[in-house]
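Colleague: I should like a close look at the empty space in this model, with its pockets and its cavity. Please set the linings against the strands and helices that carry them.

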Amino acid sequence: MTVSLASRLIGDGLPVYVIGEIGLNHNGDVALALRLIDVAAEAGADAVKFQKRTPEIATPEHMRDTLRETPWGTMTYLEYRRRVEFDAEQYAQIGAYAAARGLDWFASPWDVPSVDVLEELDVVAHKIASASVTDIELLERVAMTGKPVLLSTGMSTLEEIDRAVDTLGRDQLVLLHATSTYPMPAEEANLRTIETLRTRYPGVPIGYSGHERGLQISLAAVALGARVVERHITLDRTMWGSDHAASLEPQGFEHLVRDIRIIETALGDGVKRVFPGELAPRAKLRRVLA
């Protein structure tokens with residue numbers, strides 16, 4: 001099965017769909033968001049992804065009054081969420097810029113009103129964050145849009161994923177294997193889960209959303225059959241913010257896209273043959289002919 005996302009098809013035998021996850025790494029600054037879009041475009045990515053929240057709804061009640069040190073001073077967690085949130089007008093600017101750079105753009109809505117905002121902006125798809133896998137009200141609203149859905153599966157049991165899949169339907173669904181540890185150590189990657197998901201949800205394209213340092217694990221995911229790869233991007237991993245340390249800087253993201261394309265070519269079609277480059281060594285070195 002393939003999923004049509006804007007002008008691209010996602011599925012087996014097709015190029016890997018690469019997403020630069022900007023998330024909150026823009027720190028509430030539109031200019032920084034545009035620079036990160038440039039990073040994704042120049043690396044050869046297919047899309048950029050953001051997050052959309054209604055802070056008063058999406059912020060857990062027990063976290064709202066927790067104090068947080070920020071570049072703008074000490075503030076409550078709810079105040080911080082408001083500070084870094086883009087409104088519809090800002091996202092319209094961001095979306096237009098992404099399109100001008102040849103990229104798809106969409107976001108993870110964290111609440112129902114945010115789905116409505118993103119629909120008004122006519123995003124090409126919706127992404128369900130791992131934290132929202134059990135939010136059935138949100139999933140039902142996203143399913144109503146009829147658009148492709150990418151579902152991250154971090155911090156979730158198979159039973160929780162089953163329920164989410166049943167709610168969203170499978171026709172336009174892409175599942176992303178993920179581990180929601182930031183940064184993620186290699187021993188928690190569990191990449192064989194890609195095959196577990198492929199077997200459990202036949203026909204649904206499986207991808208990978210990574211939070212590790214470096215490239216190796218994401219590249220191994222491609223070799224294991226991931227049809228989508230999503231990685232956080234940043235200008236500098238030492239910047240303030242919770243996701244920067246688990247993100248790729250511009251050169252790292254460029255190398256990721258480059259190496260994904262090399263792996264795609266190297267995997268081939270599985271048909272054993274004698275390649276043209278082997279003919280001269282074969283003639284020179286093979287002593288006994290068949």
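Modeller: The account below takes the pockets, then the cavity, then the strands and a few backbone details.

The model is a predicted one. Rolling a probe the size of a water molecule over the atoms shows where empty space is left.

The largest pocket has a volume of about 530 Å³. Its lining comprises 30 residues, and those closest to the centre of the pocket are Q51, R53, W110, A131 and Y182. By class, this lining divides into 12 nonpolar, 10 polar and eight charged residues. Three elements each supply at least two residues of the lining, namely strand 4 (47-52), helix 3 (77-84) and strand 12 (228-232). Among the contributors to this pocket, helix 3 gives the most, with three residues.

One of the central residues, Y182, also takes part in a backbone feature: the peptide bond from Y182 to P183 is cis, with omega near -15°. P183 itself belongs to the loop between strand 10 and helix 8 (193-200).

The second largest pocket holds about 160 Å³ of space. Its lining consists of I57, A58, W110, D111, V112, P113, A131, S132, D135, E137 and L138. W110 and A131 therefore line both pockets, since each is among the residues closest to the centre of the largest pocket and each also lines the second largest, where a lining residue is one with an atom within 4 Å of a grid point. At least two residues of the second lining come from each of helix 2 (55-58), helix 5 (112-120) and helix 6 (136-144). The class division for this second pocket is seven nonpolar, one polar and three charged residues.

V112, one of the residues lining the second largest pocket, can also be placed relative to the start of the chain. L5 and V112 are 107 residues apart in sequence, and their C-alpha atoms are 22 Å apart in space. L5 lies in strand 1 (residues 3-5). L5 counts as buried because its relative accessible area is 1%, which is under the 20% cut-off.

Enclosed space is a separate matter. The count comes to one cavity of 30 Å³ or more, and the largest cavity contains about 40 Å³ of space. It is lined by L24, N25, N27, Y80, G241, S242, D243 and H244. Two of these lining residues are nonpolar, five are polar and one is charged.

N27, which belongs to the cavity lining, deserves attention for its backbone as well. Its phi is near 55°, a positive value in a residue other than glycine. N27 is found in the loop between strand 3 (17-23) and helix 1 (30-43). With a relative accessible area of 14%, N27 is buried, because that value is under 20%. A6 also has a positive phi, of about 55°, although it is not a glycine. A6 sits in the loop between strand 1 and strand 2 (8-10). Its relative accessibility is 43%, so A6 counts as partly exposed, a class that runs between the 20% and 50% limits.

Helix 6, which helps to line the second largest pocket, leads on to the strands. Strand 8 (residues 126-128) and strand 9 pair in the parallel sense over three bridges. The chain passes from strand 8 through helix 6 to strand 9, and this β-α-β crossover is right-handed. Within the pairing, H126 stands opposite V149 in strand 9.

On its other pairing, strand 9 joins strand 10 (residues 173-178), again in the parallel sense, over four bridges. There V149 stands opposite L173 in strand 10. Strand 9, helix 7 (residues 158-168) and strand 10 together make a right-handed β-α-β unit.

In a regular strand the side chains alternate between the two faces of the sheet. In strand 9 (residues 149-152), V149 and L151 point one way while L150 and S152 point the other way, and all are buried.

Finally, the UniProt record, an unreviewed entry, places the feature "domain: PseI/NeuA/B-like" at residues 36-272. Over residues 36-272 the chain is 41% helix and 18% strand, with the end C-alpha atoms 42 Å apart.

Conventions: Residues are numbered from 1 along each chain as its sequence is written. This is a predicted model: local features need pLDDT of at least 70, side-chain atom pairs count only at pLDDT 80 or more; totals for chains, interfaces and linings use all residues. Side-chain values use heavy atoms; hydrogens and water are left out. On a 1 Å grid over the protein atoms alone, a cavity is a set of points where a 1.4 Å probe fits but cannot get out, and a pocket is an open set with protein on both sides within 12 Å along at least five of seven lines; lining residues have an atom within 4 Å of a point. Grid points are joined across faces, edges and corners, and a volume is the space filled by probe spheres set on the points. Ala, Val, Leu, Ile, Met, Phe, Trp, Tyr, Cys and Pro count as nonpolar, Asp, Glu, Lys and Arg as charged, and the others, Gly among them, as polar. UniProt positions are given in the numbering used here, feature names are shortened, and annotations may be inferred rather than shown by experiment. Buried means under 20% relative accessible area, exposed over 50%, partly exposed in between (1.4 Å probe, protein chains only). Two strands pair if DSSP finds at least two bridges between them. A crossover is right-handed if, with the strands pointing away from the viewer, the path from the first strand over the helix to the second runs clockwise.
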